[in-house]
Number of protein chains: 2
Amino acid sequence: MKLEEAKQQFINSWGAFGTQWGINRTMAQIHALLLISTSPITQDDIMEELSISRGNVNMNIRDLIGWGLVERVIVSGERKEYFTADKNIWKVATQIIKERKKRELDPMLKLLSQLENIDDKKEKDAKEFLTVVGDIKKLGSHADSLLDIMIKAEENKFISGVMKIFK
Amino acid sequence: MKLEEAKQQFINSWGAFGTQWGINRTMAQIHALLLISTSPITQDDIMEELSISRGNVNMNIRDLIGWGLVERVIVSGERKEYFTADKNIWKVATQIIKERKKRELDPMLKLLSQLENIDDKKEKDAKEFLTVVGDIKKLGSHADSLLDIMIKAEENKFISGVMKIFK
DNA sequence: AATATGTTTCATTATTTACTGAAAGTTCAA
DNA sequence: TTGAACTTTCAGTAAATAATGAAACATATT
């Protein structure tokens, strides 16, 4: 396989993979493109490479920056803005985990807590409902702690060593 | 808060939560409804409760069964089909993990392996590409192993005890 | 201060994804 | 073997989501 072909396939697959996880295709593709770009690139580069409009690039880049996955880079002597993505994959993963946790898991746990405040907690129906809600909350909290450990592992040298147990 | 109100909110939130993870809203809502239903229910019950069409219920129930999250139940003396969802949340989680792993992670790892078969592996550009692909593959494999451990924890009494470390 | 270069916004349009409902299919009972 | 009860399918439609492109905005250059 030619390198160019492989790169193209990587970008496409990453996009398809993203959509399955509720991430918009283009955003994932831009991220993929940046991951395999050896040096910072401009909006125009992305537009051309992925055949998409300027507005589309701009908005998705903005989102990617919001996710902490992409950064603006200033190239001296250049007027244009350049962009790069962190190539440290473990960092990328923890960053995504951190964001999704904040945006989704935490609010979900909060909501579940509210749902536990129902009247007539003694009623049979209510009890069963509370069991399910409580169980989900418990699982969510455990996931929360586990993810925190993973995030800290990225930030802390010692834990980082421990995590290497997972080969 | 009244029980009925809480149930309704649970169903809606579960649906919203699902969409963020690439799961269709209705499918998530049906699953939520089944989770908090104290006894098996019919297609008609679901249609009424969620105000959706018969076809919609039918197709999403079929998907849920495909995910191993819902089962058909035969009620003696009844012609209609009834449905239930497993209420063991840890089991639900591992089942979802198992399926997503099979449907998404495994194919992704396979693809990445293919992308490693490029010509001119010695070229500078190629080397950098291979590093990124290799790193993602490595991370994916670790996730794969970790998830296998979690799945086995559900199936194996001993590991199940160990996992309780996570309170 | 006029122009040139580059960025952002957002109303409109296109694409994708999900839903409906009626027709076809299935199963069972008489 | 007819038909009533129930389930499944899927073409057409609706709703949700994403992309375009041109205008507004911002900033540097002459």
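Biologist: Which helices of chain A each supply at least two residues of the negative patch?

Modeller: Happy to help! This is a predicted model, where local features need pLDDT of at least 70, side-chain atom pairs count only at pLDDT 80 or more, and totals for chains, interfaces and linings use all residues. Residues are numbered from 1 along each chain as its sequence is written. Helices are DSSP runs of H or I, at least four residues, numbered from the N terminus, and the two asked for are H1 (3-20) and H3 (43-50).

Biologist: And which helix gives the largest share of the negative patch?

Modeller: Patch members have over 30% relative accessible area (Shrake-Rupley, 1.4 Å probe) and no salt bridge (Lys or Arg side-chain nitrogen within 4 Å of an Asp or Glu carboxyl oxygen). Like charges are joined within 9 Å, with Asp and Glu counted as negative and placed at CG of Asp or CD of Glu. Among the members are Glu4(A), Asp45(A) and Asp119(B). The largest share, three residues, comes from H3(A).

Biologist: Where is the place of Asp125(B)?

Modeller: Asp125(B) also belongs to the negative patch on the surface. Its place is in chain B, within residues 124-155, which form helix H6.

Technical notes: Chains lettered and ligands numbered in written order. Heavy atoms only, no water. Patch = residues over 30% accessible without salt bridge, like charges linked within 9 Å, V, L, I, M, F, W, Y side chains within 5 Å.
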